[in-house]
Amino acid sequence: MSSDLGFILITTVTAFLSYSTNALLHSGSGSHGVSPRDYYLTTDEHWFNQTLDHYSPHDHRKFRQRYYEYLENFRAPDGPVFMIICGEGPCSGIAKDYMSVLAKKFEAGVVSLEHRYYGKSYPFNSLTTENLRYLSSKQALSDLAAFRQYYQESLNVKLNRSSDNPWFFFGVSYPGALSAWFRLKFPHLTCGSLASSAVVHAVYDFSAFDQQIGESAGQECKAALQETNKLLEIGLKVNGKAVKALFNATELHVDADFLYLTTDAVVMAFQYGNSDKLCVPLVKAKKNGSDLVGTFSKYVRDHCMKVWGLHVRLYNRKHLRNTVVTADSTYRIWWFQVCTELAYFQVAPANNSVRSQQINTEYHLGLCKSLFGKGTYPEVDATNLYYGGHKIAATKIIFTNGSQDPWRHASKQTSSPELPSYFMDCHNCGHGTDLRGCPQSPMVIEGKSNNCSSPDVVNKVRQQMVEHIDLWLSECRGSTRSSK
């Protein structure tokens, strides 16, 4: 993810896969006159009885995990199966993004599994720290392996055959990392993986995140953002309630939580290919000597909140401490993953930051303690030791990243023959551009690239993706035939 992994990693939630900046979570919901149902190939729910704890020989409890399937393009009986991994948010269906184009091209069936604890796939009715102990990337990978076995067996029964179809795994953001890690840990279960904007390297103090925001903004917009942030900090000291009221955020009693909200609003513009909606009016206001805070608050209300789904309550600690399962539980759940395993703490760089210095390591650790209790700490070193981080030692994984996406610094950006990495350099190439097109939020049907500032750059990467998928599926089929 989601905008991401704070609230935006890595903050999407609903409409389409999953994305935040700290959460990799935020996805837009603007429709451009299109019915929400038109965004999906299917929204028909199916259910699978999943093992709660894959690592206990004694615990045999199960929970219901939601999944989707779309077989309209499937070439029976031996066509490929494309697995779309859902991540840190509800999985509402199989999105009609560029995956729909790939499925048609390769005559593939498509399945998508909702991540444990998110959406309707929750094992418990209460999200206490104790009940969240089965939430981890390791358990999620084993979920995928168990589901893949179940689905292949059910497909064999349906098609009256005994051999496996070739599978290929796909994911964006945190699901992109899961896609890469699945190929690493279960190479016999997938012919390859696409890891789009994949945050495979867990980062404790992620100062490079804001450095990228400043670089993507350019000098004029960066200066306007820094001045706006200073004015916000001054305003909070003079009359904090009045400042927060401009953003409909008076419920945020902790100033640092409010400043996290405003920073996530900045991040969303660059992460999802909409920087002009923020920078153009802000730079103009600075040049004209106009009200920067008023201009910025209008952007937050009109775009982040009305169109892209940014909600103030999701930065409210009282709300985040709520252990009752609700539609907004996504953020508590994602923070648990952040606070125990992944971190991605988006701290302010020591110098020249667009983020308040109040958003530091202590802020994040204090929030983790506030939400989940004493002793909650992200085991970043253990995560990178287990998966390899930037040095992931696997084969047949395609990594893709957009130039404006701050999350790319947690991805694999160096390329090799077995682990090709492609870079899309354009003004609005952000998080998951290869599958989502431009902008990345609101959703673009079929992930069309025509609104990217350099469509040819995106199309070239897509062509390279197709070539790798085609080759690796062919090699998979060849190895299956030779083993008979």
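Hi everyone, let me begin with a helix: α2, residues 137–159, lies across β2, β3 (62–70), β4 (81–85), β6 (109–113) and β7, and runs at about 130 degrees to β2. Before I go on, please keep in mind that this is a predicted model.

So what is the sheet under that helix? We have an open sheet of eight strands with mixed pairing, in the order β2-β3-β6-β4-β7-β8-β11-β12. At the edges sit β2 (46–51) and β12 (421–424), each of which pairs on one side only. From one strand to the next, the twist averages 25 degrees.

A second helix to look at is α3, residues 174–185. Helix α3 lies across β4, β7, β8 and β11 (397–402), and its direction is at about 150 degrees to β7. You will notice that β4 and β7 come up for α3 and also for α2.

Let's zoom in on β7 and β8. As a reminder, strands of a sheet pair through backbone hydrogen bonds, in either a parallel or an antiparallel way. In which sense do strands β7 and β8 pair? Strand β7 (residues 167–172) and strand β8 (residues 193–196) are parallel, with four bridges between them. If you want a place to put your cursor, V172 of this pair stands opposite S196 in β8.

Now please step into the loops that follow these two strands, where there is some backbone geometry to see. S173 is in the loop between β7 and α3, and has a positive phi of about 75 degrees despite not being a glycine. Is S173 buried or exposed? S173 counts as buried because its relative accessibility is 0%, and the limit for buried is under 20%. Over in the loop between β8 and β9 (203–205) we find S197. S197 is another residue other than glycine with a positive phi, near 45 degrees. S197 is buried too, with a relative accessible area of 1%.

One more serine, this time on the α2 side of things. S121 belongs to the loop between β6 and α2, and is buried at a relative accessible area of 0%. Which residue does the side chain of S121 join in a polar contact? The partner is E114, and the side chains are 2.6 Å apart. Leaving aside residues up to four places away in sequence, S121 touches F63, R64, Q65, R66, E114, H115 and R116.

R64 from that list has a story of its own: its charged end sits over the ring of W47, 4.2 Å from the ring's centre. There is a lysine to show you as well, since I am on charges and rings. K185 lies over the face of Y386, with 3.8 Å to the ring centre.

That brings me to the aromatics. How many aromatic pairs does a search of the whole structure find? The search gives 32. My pick for a close look is F247 with F258, an edge-to-face pair at 5.3 Å centre to centre, with 75 degrees between the planes. F247 is in the loop between α4 (207–246) and α5 (255–271), while F258 is in helix α5, eleven residues apart. Both rings belong to buried residues: F247 has a relative accessible area of 0%, and F258 is at 0% relative accessibility.

There is also a cluster to colour in your viewer. One aromatic cluster is formed by F48, Y67, F147, Y150, Y151, W167, F169, F182 and F186.

Last stop: cis peptides. A76 and P77 are joined by a cis peptide bond, with omega about 5 degrees. P77 sits in the loop between β3 and β4. The bond from C438 to P439 is cis as well, with omega near -10 degrees, and P439 is in the loop between α12 and α13.

That loop between α12 (433–436) and α13 (455–482) also holds G437. G437 is buried, at 0% relative accessible area. Its contacts, not counting residues up to four places away in sequence, are G432, G447, K448, C452 and R462. And how far is G437 from A76? Their C-alpha atoms are separated by 30 Å, and along the chain they are 361 residues apart.

Thanks for listening, everyone!

Methods
Residues numbered from 1 in each chain as written. Predicted model: local features only at pLDDT ≥ 70, side-chain atom pairs only at ≥ 80, totals over all residues. Heavy atoms only, no water. Pairing = 2+ DSSP bridges. Axes fitted to C-alpha atoms, helices over the stretch in contact; angles between N-to-C directions. Contact = heavy atoms within 4.5 Å. Buried < 20%, exposed > 50% of the residue type's maximum accessible area, 1.4 Å probe, protein only. Polar contact = N/O pair within 3.5 Å; in protein donor to acceptor, adjacent residues only side chain to side chain. Phe/Tyr/Trp six-rings, centres within 6.5 Å; stacked < 30°, edge-to-face > 60°. Lys NZ or Arg CZ within 6 Å of the ring centre and 35° of its normal.
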